[in-house]
2 protein chains.
Amino acid sequence: MTRIYFQAGPTTLPKEVMQQAKEEWDDFQGTGLNIMEHSHRGKDYEDIHEQAKNRMRSLLDIPDTHDVLFLQGGASLQFAMIPMNLIPDGKTAKYILTGSWSEKAYQEAQRIGSSEAVISGKDSAYRTLPVMDYVPSENDAYLHITSNNTIYGTQWPDLNAFSHPTLIADMSSDIMSRPFSVDKYGLIYAGAQKNLGPSGVTAVIIRKDLLQESNAVPSILSYSVHAKNKSLYNTPPVYSIYLLNLVLDWVERSGGVNEMEVRNQKKAKVIYDAIDQSHDFYNGYATPDSRSNMNVTFTLGSKELEQQFIKESEENGIYGLKGHRSVGGFRASIYNAVPQESCDSLATFMVQFQEKYGK
Amino acid sequence: MTRIYFQAGPTTLPKEVMQQAKEEWDDFQGTGLNIMEHSHRGKDYEDIHEQAKNRMRSLLDIPDTHDVLFLQGGASLQFAMIPMNLIPDGKTAKYILTGSWSEKAYQEAQRIGSSEAVISGKDSAYRTLPVMDYVPSENDAYLHITSNNTIYGTQWPDLNAFSHPTLIADMSSDIMSRPFSVDKYGLIYAGAQKNLGPSGVTAVIIRKDLLQESNAVPSILSYSVHAKNKSLYNTPPVYSIYLLNLVLDWVERSGGVNEMEVRNQKKAKVIYDAIDQSHDFYNGYATPDSRSNMNVTFTLGSKELEQQFIKESEENGIYGLKGHRSVGGFRASIYNAVPQESCDSLATFMVQFQEKYGK
């Protein structure tokens with residue numbers, strides 16, 4: 001039986017990407033080496049590095065006002081680098097809290113500089129996105145949002161709806177899943193391991209006026225240093241960037257971010273339909289207006305039933321559905337590389353399970 | 001013609017490792033996924049994470065007083081993390097300068113805390129290791145050394161010869177190449193891309209008394225946070241650690257670090273012999289008492305001859321010999337995975353080249 005997976009990340013990569021990487025494994029372009037065995041200063045790797053950057057630019061329509069960087073350390077390192085680089089004296093960083101990851105970003109900022117949470121959805125146990133009525137202040141270093149909340153399964157419906165002179169977004173879990181205007185943002189960051197590639201590389205898109213030198217920031221943690229060195233200040237994670245480039249090539253060939261959005265909406269809909277048509281046998285965690293097209297979260301009426309659901313889903317070859325411990329229940333993560341057929345199979349299983357155990 | 005490579009890093013991995021990774025590419029242990037597509041919280045990856053740590057411990061005979069961490073960001077991030085974590089108020093970090101990488105480590109420390117270069121080999125243009133007569137002071141936060149200097153081709157001959165209460169070593173380019181006593185060190189770090197695996201992961205060995213919590217250090221940059229979370233504080237570079245584990249398995253099966261030392265000495269000797277027996281046709285850059293068994297550096301009498309050497313070496317399938325721009329000439333990097341036959345072929349080519357162009 002072919003297994004299907006709904007993991008929250010790291011997660012499955014497109015089959016075509018894995019196939020191409022396998023074909024090039026022993027002998028990248030006639031060199032007799034895998035690309036990971038090449039020097040990062042050699043032409044073979046440099047070409048890939050440039051291709052990956054250019055594909056990011058073209059897929060997201062990134063204007064010349066912004067640079068693209070490939071860094072290490074995941075979103076967690078960005079939680080620290082952002083306040084280290086971007087809170088000038090006398091200014092305060094503002095955070096919108098919509099889940100555990102924005103809380104973590106805010107906690108790290110509090111260790112580093114002046115920062116404040118200005119809006120929070122915590123009162124709803126992060127089931128629903130808060131009303132976004134924040135008015136920018138002159139005192140703001142920046143305003144930080146999280147575009148998609150993996151644990152709770154909520155997602156801001158329109159990334160163009162925000163307005164702030166220095167808007168920063170953690171898009172780790174939904175970058176490349178839908179179009180938006182990069183020029184509305186000062187900085188965007190995303191750990192690769194959902195929609196961009198394997199773990200080990202982080203994409204950062206930064207407006208060039210934010211690239212300011214400072215002796216107070218260690219070189220390796222300075223956006224300015226990485227931008228000047230075209231993300232080759234130190235040895236990059238060569239193989240992760242190689243795979244990221246193949247994933248972006250796959251997005252391009254599949255029709256770009258507009259097509260990804262169409263596919264993701266359709267994929268999410270079949271699972272949300274199974275929830276909504278179950279007459280409360282399945283309960284969606286997120287409120288309908290805040291639902292994510294990347295992570296579908298739901299629960300069942302009892303712990304026993306939930307255990308049975310996991311057991312039978314695995315017997316049917318369906319893996320990775322266990323929800324985060326802070327929410328319980330189930331989470332189907334349906335990032336770009338998850339095909340429609342996997343979502344159809346899950347919805348079919350959900351209906352069959354309800355027929356068996358529902359009243 | 002089969003190519004052979006002498007790159008300074010990232011560099012070639014053992015053939016057996018690349019073969020095993022290829023065999024497991026599509027289907028890691030019957031899961032139908034590559035290991036990089038697995039959750040880092042799942043049992044499949046956790047087993048590898050533990051295996052890698054245990055292999056580090058057993059190969060280097062790491063005592064229980066020390067923890068092993070796998071981090072991101074390369075040695076360059078360690079250049080910052082070390083002073084951020086390990087310079088208490090009122091103390092000064094001491095650095096021994098033996099080349100560009102120790103200079104970089106020292107420069108980063110200067111941005112962060114009180115630090116001082118106490119011994120330097122710069123007067124010799126880093127051709128020779130300085131006399132190591134530093135006497136520890138109560139005021140020292142730590143003493144930092146670089147065990148092997150890739151650009152100049154020098155290497156401290158005995159890693160057990162140093163004595164300091166908090167000795168720190170950058171062993172990026174020679175870890176696992178020879179035995180030494182870990183208990184003499186407070187902290188050892190190594191970017192993986194020479195002897196441990198591909199780029200994207202950094203091994204850190206740290207004495208547990210140095211794991212102190214501090215609110216002044218961002219979580220993601222705190223050794224204490226990473227140790228408490230067993231290097232799973234954030235998503236690790238899964239595939240880099242998987243390959244590192246396979247490389248360590250290969251070192252184990254090959255006979256461990258003692259056998260690596262025997263092999264590396266023999267590999268280096270054939271190339272140094274070609275230099276020493278050339279009657280100054282080839283000139284070694286490093287002085288004989290400071291020579292590295294990892295990077296053999298040499299020059300030829302003229303720029304024209306050097307260009308001819310690169311041209312003909314590539315015609316003979318020999319790649320990666322160009323020296324670093326700050327030294328010029330040639331550098332043969334012969335890390336653990338480079339086989340004896342490659343070194344023999346290079347030495348044979350050197351003799352033939354001399355027969356053709358020498359007086």
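**Close-up 1. A bridge between A:Asn295 and A:Ser333.** In this predicted model, A:Asn295 has A:Ser333, a residue of S14(A), as its bridge partner. The two strands involved, S12 (residues 295-300) of chain A and S14(A), are paired over four bridges, and the sense is antiparallel. As a reminder for the bench, it is backbone hydrogen bonds that pair the strands of a sheet, in either a parallel or an antiparallel way.

**Close-up 2. The three-stranded sheet of chain A.** Step back from that bridge and you can follow an open sheet in chain A, with its three strands in the order S11-S12-S14 and antiparallel pairing. Strand S11 (282-284) and strand S14 (330-333) of chain A are the edge strands; each has a single partner strand, so one side of each has no neighbour in the sheet. From one strand to the next, the twist averages 35°.

**Close-up 3. Helices H7 and H8 across the sheet.** Which strands of chain A does helix H7 lie across? Helix H7 (residues 256-276) of chain A lies across S11, S12 and S14 of chain A, and runs at about 20° to S12(A). Helix H8 (residues 303-315) of chain A also lies across S11, S12 and S14 of that chain. For H8, the angle to S12(A) is about 130°.

**Close-up 4. Where chains A and B meet.** A turn of 180°, with a shift of 0.0 Å along the axis, lays chain A on chain B with an RMSD of 0.0 Å. The two copies are therefore related as by a two-fold rotation axis. Of the interface residues of chain A, 100% are interface residues in chain B as well, so the copies meet through the same surface.

Methods:
Residues are numbered from 1 along each chain as its sequence is written. Chains are lettered from A and ligands numbered from 1 in the order in which they are written. This is a predicted model: local features need pLDDT of at least 70, side-chain atom pairs count only at pLDDT 80 or more; totals for chains, interfaces and linings use all residues. Side-chain values use heavy atoms; hydrogens and water are left out. Two strands pair if DSSP finds at least two bridges between them. Axes are lines fitted to C-alpha atoms, for helices over the stretch in contact, and angles run from 0 to 180 degrees between N-to-C directions. Contact means heavy atoms within 4.5 Å. Copies are superposed by least squares on the C-alpha atoms of residues with pLDDT of at least 70 in both.
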